[in-house]
Amino acid sequence: LMQAAGDPLRLVKKAAVLTGLNTVSYASLASLTSTRPTRLTGVQHVLYIASGYGKIVSGDINADIRQGFGIIVPPGVEFTLTNGGEKPMTMYIVEEKLPKGFTPGKRITVKNDFDQPVNTNRNRSDARGWLFSSRDGLASLTGMDPIVFLPRSYVVPHVHLPGDEEIWIALDEINVQIGSERRLLREGSAYRSPADGRTPHVNINATDADKRLLWIMRVPESSGERQTPDGRGMDRDGTI
């Protein structure tokens, strides 16, 4: 979906819009198959299972996983993914850089989003309710969480400053507006919010059904060491 670039506002290569992250990608594991035992080197992966079910095995961890599960895989930790269903198991994968001084975990972290409070566009500013935050062992990310946009609601248009890296992936089809341009973000599509301090963006659910998006956020640790998102980066609710 996305890969690293020098300047996301002046693209030199399609989809090269990332700065603090290496890649945001979509992967599919065929039915009743397994990956080879794998160890990451020099990077950390954060997975979100979008559909299907299966298992992850790593050391003494043997966990059933399915849609809504998140996994942090530190470097050097061997793991194997298995699809236990008749349909592909799909997932989104964020590849994090390892900042200087970061100490990776010794084991994978597996969390079920359905064990967390349901975060909506009205109540998602508390990191304690996110699927993953810095307290879970994220390397470069500030947070990641599936967000439910309530029927007939939106967020107040807001901007991000240079260095902020906010990514939205549509788990359901939804309308978005970036600057003066409105478009339909189809399921599986993604966008990075412009981080120029002047271009607003807003996600709009104009339907009578809940709509889900996967929210991925990185706030830079330089230029004042902004460690957590502030009100500028948090979506606030509106209704239609």
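## Talking through a predicted model

Reader: What share of the 240 residues in the protein is buried?
Author: Keep in mind that this is a predicted model. Buried here is a relative accessible area under 20%. Out of the 240 residues in the protein, the buried ones make up 47%.

Reader: And which secondary structure is there, helices or strands?
Author: Helices are quickly dealt with, as the protein has zero of them. What you do get is strands, and the count for those is 20.

Reader: Why can the protein be called as compact as a globular protein of that length?
Author: For 240 residues the globule rule gives 18 Å. The protein comes close to that, so it is as compact as a globular protein of that length, with a radius of gyration of 17 Å.

Reader: How far apart do the centres of the positive and negative side chains lie?
Author: There are 29 positive side chains and 27 negative ones. Take the centre of each set, and the two lie apart by 3 Å.

Reader: Let's zoom in on Met-2: is it buried or exposed?
Author: Met-2 sits in strand 1, which runs over residues 2-4. Its relative accessible area is 7%. The cut-off is under 20%, so with that 7% Met-2 counts as buried.

Reader: How many Å separate Met-2 and Val-17 in space, C-alpha to C-alpha?
Author: In sequence the two are 15 residues apart. Met-2 touches Val-17, and its other contacts include Ile-167 and Tyr-191. From C-alpha to C-alpha, Met-2 and Val-17 are apart by 6.3 Å.

Definitions and conventions
Residues are numbered from 1 along each chain as its sequence is written. This is a predicted model: local features need pLDDT of at least 70, side-chain atom pairs count only at pLDDT 80 or more; totals for chains, interfaces and linings use all residues. Side-chain values use heavy atoms; hydrogens and water are left out. Helices (H or I, at least four residues) and strands (E, at least two) are DSSP runs, numbered from the N terminus. The radius of gyration is taken over C-alpha atoms; the globule rule is 2.2 Å times the number of residues to the power 0.38. Buried means under 20% relative accessible area, exposed over 50%, partly exposed in between (1.4 Å probe, protein chains only). Lys and Arg count as positive and Asp and Glu as negative; His and the chain ends are not counted. The place of a charge is taken as NZ of Lys, CZ of Arg, CG of Asp or CD of Glu. Contact means heavy atoms within 4.5 Å. Lists of a residue's contacts leave out its neighbours within four places in sequence.
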